Amino acid sequence: MEVLKLKIYQPHAHYRIPFTYQRRHTYPIPPYSTVIGLLCNILGIRNIEGKEEPCMNQNCSCDYHKLKNIKISICGKFESKTTEYIWFRNLSEKSHNDRFGFPENRNIFGYAEHPGGQMPVLIDILNDVDLWIYFYHEDQNFLEKIKNSFENPQDRIYPLHLGRAEDWIVIQEIKFVDKFVDLEEINYGGDFKKFFWIPKNSFLPDGSNFDFEKFGGLLYKIPTFYRLLNGRRDFIYVDAKLNDGEIVISKSDTKIFYDKNEKIPLFFANL
């Protein structure tokens with residue numbers, strides 16, 4: 001078994017927690033949907049106008065359907081968090097009229113301003129972010145394609161980013177790690193000083209049991225893939241715990257994979 005490891009550095013990042021508005025909170029590490037979006041970008045997987053998903057065929061072997069079978073493990077850390085105070089602009093006709101009175105007007109107190117309404121927003125920003133993301137797939141050729149697409153992103157749709165469009169990424173390392181050389185199965189824990197997503201529906205390549213209740217962390221419903229319904233993204237959510245690095249499993253019979261070189265436990269989500 002081989003696993004694809006991706007190490008990323010980001011000077012700044014914001015992974016928005018859904019339903020936070022006037023103060024936009026961020027997860028400390030990206031949710032699965034954000035990483036899936038990055039993979040769709042580099043593989044050139046696009047939405048099709050009028051379709052719910054990029055491919056609607058059944059039993060298809062396209063990249064989109066292969067991607068839906070991928071297993072992802074995410075962990076990371078950041079150096080500091082700051083809060084920015086910015087203006088968000090709303091270009092709806094109602095917002096414009098609420099501010100200017102009628103559609104043709106753009107003057108406030110004798111000065112011309114940009115059209116639409118505006119709202120002050122606080123947004124939390126992570127600084128100096130390091131991420132370790134691991135991918136597993138039964139089709140090793142598909143993992144090879146992902147690796148090649150990161151190294152030569154000729155099919156990418158947008159500049160490579162993770163989070164907001166301006167949250168560009170620096171790829172520090174992308175390589176295969178071998179189960180028998182780089183990984184080991186452990187049943188002990190420690191303080192790994194990184195954040196982890198620990199998914200309830202975990203994937204263990206050897207098929208052993210995973211006792212979700214043995215692991216600590218705040219429980220979230222994390223978005224994964226989505227369908228376009230009436231122009232809106234309708235996400236699928238999975239249960240996952242956000243763990244702050246302290247993992248205690250010594251008293252359970254659960255075994256997890258561990259990257260010996262990075263000293264990082266791996267928690268693959270079965271999406």
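Which residue in S10 is the bridge partner of cysteine 75? The partner is phenylalanine 196. That pair is a good place to enter this structure, which is a predicted model. We will come back to it after a look at the whole chain.

The protein chain holds four helices and 17 strands. Its C-alpha trace spans about 70 × 40 × 30 Å along the principal axes. There are 271 residues, and 45% of them count as buried. Now take the contacts in the chain with a separation of 6 or more. Residues 24 or more positions apart account for 77% of these.

Strand S3 is the next stop. S3 covers residues 71–90. Follow its pairings one by one. With S6, S3 shares 19 bridges, and the two strands run antiparallel. Within this pairing, isoleucine 86 stands opposite valine 121 in S6. S3 is also joined to strand S17, residues 268–270, by two bridges. These two strands run antiparallel as well. Here isoleucine 72 has alanine 269 of S17 as its bridge partner. Then comes S10. Two bridges join S10 to S3, again antiparallel. This is where the opening pair belongs: cysteine 75 is matched with phenylalanine 196 in S10.

Stay in S10 for a moment. Phenylalanine 195 is found in this strand. Is phenylalanine 195 buried, exposed or partly exposed? Its relative accessible area is 23%, so phenylalanine 195 is partly exposed; the buried class ends at 20%. What does phenylalanine 195 touch, leaving aside neighbours within four places in sequence? Its contacts include Ile74, Cys75, Gly76 and Phe78. Pro28 and Ile29 are also among them. So are Leu242, Asn243 and Asp244. Histidine 114 gives a sense of distance. Phenylalanine 195 and histidine 114 are 81 residues apart along the chain, and their C-alpha atoms are separated by 41 Å.

Just before S10 there is a loop. It lies between strand S9 (190–191) and strand S10 (195–199), and lysine 193 is found there. Lysine 193 has a phi near 55°, a positive value in a residue other than glycine. With a relative accessible area of 62%, lysine 193 is exposed. Aspartate 128 offers a second case. Its phi is also near 55°, positive in a residue that is not glycine. But aspartate 128 is found in a strand, S6. At 34% relative accessibility, aspartate 128 counts as partly exposed.

Next, a sheet. Three strands form an open sheet in the order S8-S15-S16, with antiparallel pairing. Strand S8 (183–186) and strand S16 (264–266) are its edges, each pairing on one side only. From one strand to the next, the twist averages 40°. Between S8 and strand S15 (residues 256–259) there are four bridges. One pair to look for is isoleucine 186 with isoleucine 256, its bridge partner in S15.

The last stop is helix H4, residues 140–151. How far apart are its end C-alpha atoms? They are 17 Å apart. The helix has twelve residues, and at 1.5 Å a residue it should span 16 Å, so the two values agree. Aspartate 139 caps the N-terminal end of H4. A side-chain oxygen of aspartate 139 lies 3.0 Å from the backbone nitrogen of asparagine 141.

Which residues of H4 are buried? They are Phe142, Leu143, Ile146, Lys147, Ser149 and Phe150. Seen down the helix axis, these buried residues fall within an arc of 160°, so they line one face of H4. What covers them? The cover includes strand S1 (2–13), helix H1 (32–43) and helix H2 (63–67). Strand S6 (117–136) and strand S7 (170–178) take part too.

Serine 149 shows this burial at the level of one residue. Serine 149 lies in H4. Its relative accessibility is 8%, so serine 149 counts as buried. A polar atom of its side chain lies 2.8 Å from the backbone oxygen of lysine 145. Setting aside residues up to four places away in sequence, serine 149 touches Ile42 and Leu43.

Methods
Residues numbered from 1 in each chain as written. Predicted model: local features only at pLDDT ≥ 70, side-chain atom pairs only at ≥ 80, totals over all residues. Heavy atoms only, no water. Expected span 1.5 Å × (residues − 1). Buried < 20%, exposed > 50% of the residue type's maximum accessible area, 1.4 Å probe, protein only. Arc of directions from axis to C-beta. Contact = heavy atoms within 4.5 Å. Polar contact = N/O pair within 3.5 Å; in protein donor to acceptor, adjacent residues only side chain to side chain. Pairing = 2+ DSSP bridges. Axes fitted to C-alpha atoms, helices over the stretch in contact; angles between N-to-C directions.
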